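Here are my notes on this model, set out point by point. Please read them with the structure open.

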Amino acid sequence: MNIYRQEHPNPQFERSQWQNLNGEWDFGFKKAAVGFKLSADERRAVKYHNENHYPYKINVPFCVESKLSGIGNTDFVNLAWYRKKINIHKNGGRIFLHIGAADYLTTVLVNGKSAGRHSGGYTSFKFDITDLAVDGENEIFILCEDDVKNPLVCRGKQSEQKKSHDCDYTRTTGIWQTVYIEYTPQEYIENFRIYPDAENCSVTISVDFKGTADFTCDVKYNGNSVGKVQQQNANGIRFFHIPLSEKHLWEPGKGRLYELEFAFGDDKVKSYFGLRSLRLDGYQFLINEKSVFQRLVLDQGFYKDGIYTAKDEAEFVKDIELSFALGFNGARLHQKVFEPRFLYHCDKMGYLVWGEYANWGLDYSSDKALAVFLSEWAEAVSRDFNHPSIVGWCPFNETWNYRGRRQKNELISTVYDYTKAVDSTRPCIDTSGNFHVKTDIYDVHDYNYDTELFRKNFDMLVKDNILYEHVLKDNPNRQKYGGEPVFVSEYGGIKWAGDDTVKSWGYGKNVTTPEAFAKRYCGLTNALISNKKMFGFCYTQLYDIEQEQNGLYTYEREKKFSDRIYDEIIRVNTKLAEIEKE
């Protein structure tokens, strides 16, 4: 069995003392009885550890539904259990078991004893297993429970029906990111946050210390030291301000990164940051005080053989390069929290992205939704706060009625308030498209395929400060435009089938020739670029996914059109936007 994904999963928080646990695990799974509910305690995990056999071998970190897992079962799976025996060398420090992501409720046993439980299918988590581990052979047991039909489970684009349909795709059950062991001294760095100050050429870093020891932080650029701070007997949470002797701005297409080397006693951690500023000014989105038109494309993070998981990091780089090649400068990372390793490449390449969550499936009308969602969203914001490529947060997407019941506006506004409280450096869109409650940006989703009507509707924003909102035709009085900055964060979705073996799906009236595709694409896009109150667009989407075949590339990331058609797309994408001229 090939062992995939051997690179360190998080370059923003990297220690040299770690042990990758990807590869072959003993495995079992089943579809639970109708009416299955997620367990409320750890007894189920102990039961499955003691009583279940392991008829399969699975290749971690790929989900049970994927081909690369070696299983490829795409029916509903409610329970999946894993076992692996590993060697651990205790050295007097702390030992942590990390799981990049596992969907949905995960319980871990080490040598038959509980290490902890985690709820949420999209964020990274860890357990301190120091007291459970022994020197030598240890058994790791992981139980994952999932139910995409549960109204308090965020499923994202995972199909709640047996088969994929429309814009919902193959499910992801169980572990889908790297599992690893990390060794630290007794005194170690728990976390840190980085606050770059481009105007004053400096950086402020808050560090959460566990224990007391001498601390050093060395800032480098291309290997040369450009700033340093030291403190004896550091402990608790401390803030450090570091002037930088060289100024290298992080900007679109140019991911100039500073390296960070932390030393806290015997604990050594490597990281990095980008020196850049963000702010909204009227209708403009400013990066380093320059108006930057965001030429975004929807990226949903699906891979044909791995579903949620790329087989190697070259696939991350390829997707970014494919986007750049067509004149885009970033992406909405849609209905999924992407891996830190993907974000690392966005950081390196100067690729603008929006941090979102996989909120679909959640009952927005439930009184219980806030407790469920906020805890999961808080983990995403905390983990990804330091990435310079993330230029904004968007916790919700299209909060339509749930079984006829309207969203609780308090849910939307409270999550917005939380996001702004913990990160005042980035704008936050409360719920992309609809229904806005409290937001920094009033984005719109519009799949109107009539290019002239599309242009006319958005010209109303310039002429009369009226934002045409087609969703309000059937949902009156649900949201009101208040003069906020605007961009169209979903449009197009023009179907052109790249795979005739499946019944394809897309938005709007079908086009019949590649030339008609290009004409519609250019007409819609030009309407937004030429609108002087529009700071960006996001086209749906970069590549086909299963039956949704409205991508600019195939699911295999191959070309769908001739170079002449792509040249027309590039020409309109790279046109100087009206809002950039001011």
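1. **Terms for the voids.** A cavity here is a set of grid points where a 1.4 Å probe fits but cannot get out, while a pocket is an open set with protein on both sides. The model is predicted. By this rule, 3 cavities reach 30 Å³ or more.

2. **Overall build.** The protein holds 9 helices and 31 strands. Its C-alpha trace spans about 70 × 60 × 45 Å along the principal axes. A compact globule of 582 residues would have a radius of gyration near 25 Å, so the 24 Å found for the protein agrees with that. Of the 582 residues, 61% count as buried.

3. **The largest pocket.** How much volume does the largest pocket have? The value is about 650 Å³. The lining consists of 26 residues, and those closest to the pocket centre are Asn-10, Phe-13, His-98, Ser-124 and Arg-383. By class, the lining of this pocket has 12 polar, 7 nonpolar and 7 charged residues.

4. **What builds the pocket wall.** Five elements each supply at least two lining residues of the largest pocket: strands S5 (94–99), S9 (125–128), S12 (179–184) and S13 (188–197), plus helix H4 (369–384). Which of them gives the most? Helix H4 does, with 4 residues in the pocket lining.

5. **Two of the wall strands pair.** Strands S5 and S9 run antiparallel and share 4 bridges. Within this pairing, Leu-97 stands opposite Phe-127 of S9.

6. **Side chains along S9.** In a regular strand, side chains alternate between the two faces of the sheet. Strand S9 shows the alternation: Phe-125 and Phe-127 point to one face and are buried. Lys-126 and Asp-128 point to the other face and are not buried.

7. **The largest cavity.** The largest cavity has a volume of about 80 Å³. Of its 14 lining residues, Val-337, Phe-338, Gly-355, Glu-356 and Asp-384 are the closest to the centre. The lining of this cavity has 9 nonpolar, 4 charged and 1 polar residues.

8. **Helix H4 again.** Strand S25 (352–356), helix H4 and strand S26 (390–394) each supply at least two lining residues of the largest cavity. H4 gives the most to this lining, with 4 residues. H4 likewise gives the most to the lining of the largest pocket. Please inspect this helix when you look at either void.

9. **The second largest cavity.** About 40 Å³ of space lies in the second largest cavity. Its lining is made up of Glu-65, Phe-76, Val-77, Asn-78, Asp-146, Asp-147, Val-148, Arg-171 and Thr-173. By class, that lining has 4 charged, 3 nonpolar and 2 polar residues.

10. **Glu-65.** One residue of that lining, Glu-65, lies in the loop between strand S3 (56–60) and strand S4 (79–88). Is Glu-65 buried or exposed? Its relative accessibility is 3%. Buried means under 20%, so Glu-65 counts as buried. The C-alpha atoms of Glu-65 and Tyr-539 are separated by 28 Å, with their positions 474 residues apart along the chain.

11. **A sheet of 4 strands.** One open sheet has 4 strands in the order S16-S15-S18-S19, with antiparallel pairing. Why is one side of S16 and of S19 left without a neighbour? Strand S16 (224–234) and strand S19 (267–274) stand at the edges with a single partner strand each, so one side of each has no neighbour in the sheet. The twist averages 15° from one strand to the next.

12. **Inside that sheet.** Strand S18 (residues 257–264) and strand S19 are joined by 8 bridges and run antiparallel. Leu-257 stands opposite Gly-274 in S19.

13. **A sheet of 3 strands.** Another open sheet has 3 strands in the order S20-S21-S22, and the pairing is antiparallel. Strand S20 (278–281) and strand S22 (290–291) are the edge strands, and each pairs on one side only. How many bridges join S21 to S22? Strand S21 (residues 284–287) is joined to S22 by 2 bridges. In S22, Ser-291 is the bridge partner of Leu-286.

Notes:
Residues are numbered from 1 along each chain as its sequence is written. Side-chain values use heavy atoms; hydrogens and water are left out. On a 1 Å grid over the protein atoms alone, a cavity is a set of points where a 1.4 Å probe fits but cannot get out, and a pocket is an open set with protein on both sides within 12 Å along at least five of seven lines; lining residues have an atom within 4 Å of a point. Grid points are joined across faces, edges and corners, and a volume is the space filled by probe spheres set on the points. Ala, Val, Leu, Ile, Met, Phe, Trp, Tyr, Cys and Pro count as nonpolar, Asp, Glu, Lys and Arg as charged, and the others, Gly among them, as polar. Two strands pair if DSSP finds at least two bridges between them. Axes are lines fitted to C-alpha atoms, for helices over the stretch in contact, and angles run from 0 to 180 degrees between N-to-C directions. The radius of gyration is taken over C-alpha atoms; the globule rule is 2.2 Å times the number of residues to the power 0.38. Buried means under 20% relative accessible area, exposed over 50%, partly exposed in between (1.4 Å probe, protein chains only).
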